[in-house]
Amino acid sequence: MARVFNFGAGPAALPVEVLEEAQRELLDFKGSGMSIMEHSHRGKEYDAVHGEAIQNIRTLLALSDDYTVLFIQGGASMQFAMVPMNLLGAGQSADYVNSGAWADKAIKEAKLFGKVNVIANTGKDIPTRMPKNSDLQFTPDAAYVHITSNETIAGSQWKDFPRTAAPLVADMSSDILSRPFDAGQFGLIYAGAQKNLGPSGMALVVMRRDLLDRAPATIPTMLKYKTHSEENSLYNTPPTFAIYVLMLVTRWILKMGPQTLYKQNAEKAGRIYHALDASAFYKATAVKEFRSDMNITFRLPTEALEEQFIKEASKLGMKGLKGHRSVGGVRASIYNAFPMAGVDALVAFMKEFEKKNG
Ligand code: PMP
């Protein structure tokens, strides 16, 4: 069976080794005679999986004991609400950066709970970009500052995170574990799992423990970070299979070496951007200094050519290149598990397509 090159933005390509391992263990997990999906979440088999998943995240992000690692259902979208619900006290305000469609959704949700100051807005800028750190003016006494580290639709990425007095909160859904950064600079990080971590429907949350007590007593138990932290993400039945796959994915990163992976990611993005810059036919959508290494967005001279490009690429086994329906264009999502061979295939196809249609 031939696997295609999956350029989808999420759910996205998973490492083949991980899929194979999950397949090998699907019917009989480690000689237990049942699948990990069928095991009790309170049993010793699942307990080991759960523990390793958390430990792998702790190792990869070099987390100190000041941080708790949580798995919460509802994807990153649930976090848009949980963050202000838990962290935005009565009468307080929070600073948000609007850098695009995902930040905008986070802002809309936060406004349901309190006062939001949008301290920078590049959300509608074309070419797409993040604000410069020097342009940010934080509100004194803000409860927290919220940013989106990588705008999946716009193809723009924060390269250098701002230093803030208030806890820095980041939606890292589309670039978590793709590059080195100092997690100790953040109050809370959340990420939907379906790009760099595993299956959809769950978010990874990493947060400073001192922030757990900010939540008002009146919020629902399941929406309180403290519940999940106190119960080690086992308050209710967690998405055990998703956490199992996340454990395999993080084990895969550790085995390869995170530095090797980070270098590979930069190389993959570099090859596509190089092809874009070498051509007058293709036009990268993001400002150079904010170009995403995960979601590479570009345009062709006409929408008709874009449609043809995506169709022909699909016939050659390069799937999911269509830009988000809200912006059009072409988007190549090349998360951690996306192979270099797929990048080279795309670059070769881009050259061929330009020769024929340019
Ligand atoms: N934030 C970002 C940056 C995203 O890319 C996405 C999904 N593409 C989300 C949030 C929403 O994630 P979910 O679908 O898991 O709720």
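These are my notebook entries on the ligand and the pockets of this structure.

**Entry 1, ground rules.** I am working with a predicted model, in which local features need pLDDT of at least 70, side-chain atom pairs count only at pLDDT 80 or more, and totals for chains, interfaces and linings use all residues. Residues are numbered from 1 along each chain as its sequence is written, and side-chain values use heavy atoms, with hydrogens and water left out.

**Entry 2, around the ligand.** I looked up the residues near the ligand (one heavy atom within 4 Å of it), and among them are Gly75, Phe80, Asn150, Asp171 and Lys195. By class, this shell has 3 nonpolar, 7 polar and 2 charged residues (Ala, Val, Leu, Ile, Met, Phe, Trp, Tyr, Cys and Pro count as nonpolar, Asp, Glu, Lys and Arg as charged, and the others, Gly among them, as polar).

**Entry 3, polar contacts.** I then looked for polar contacts (pairs of N or O atoms within 3.5 Å; within protein, one must be able to donate a hydrogen and the other to accept it, and residues adjacent in sequence count only if both atoms are side-chain atoms). A polar side-chain atom of serine 77 lies 2.6 Å from a ligand oxygen, while for alanine 76 a backbone N or O atom is 3.1 Å from an oxygen atom of the ligand. In tryptophan 102, a side-chain N or O atom is 3.5 Å from a ligand oxygen. I also noted that the ligand taken alone exposes 390 Å², of which the protein buries 85% (accessible areas by the Shrake-Rupley method with a 1.4 Å probe; for residues, only the protein chains shown count as cover).
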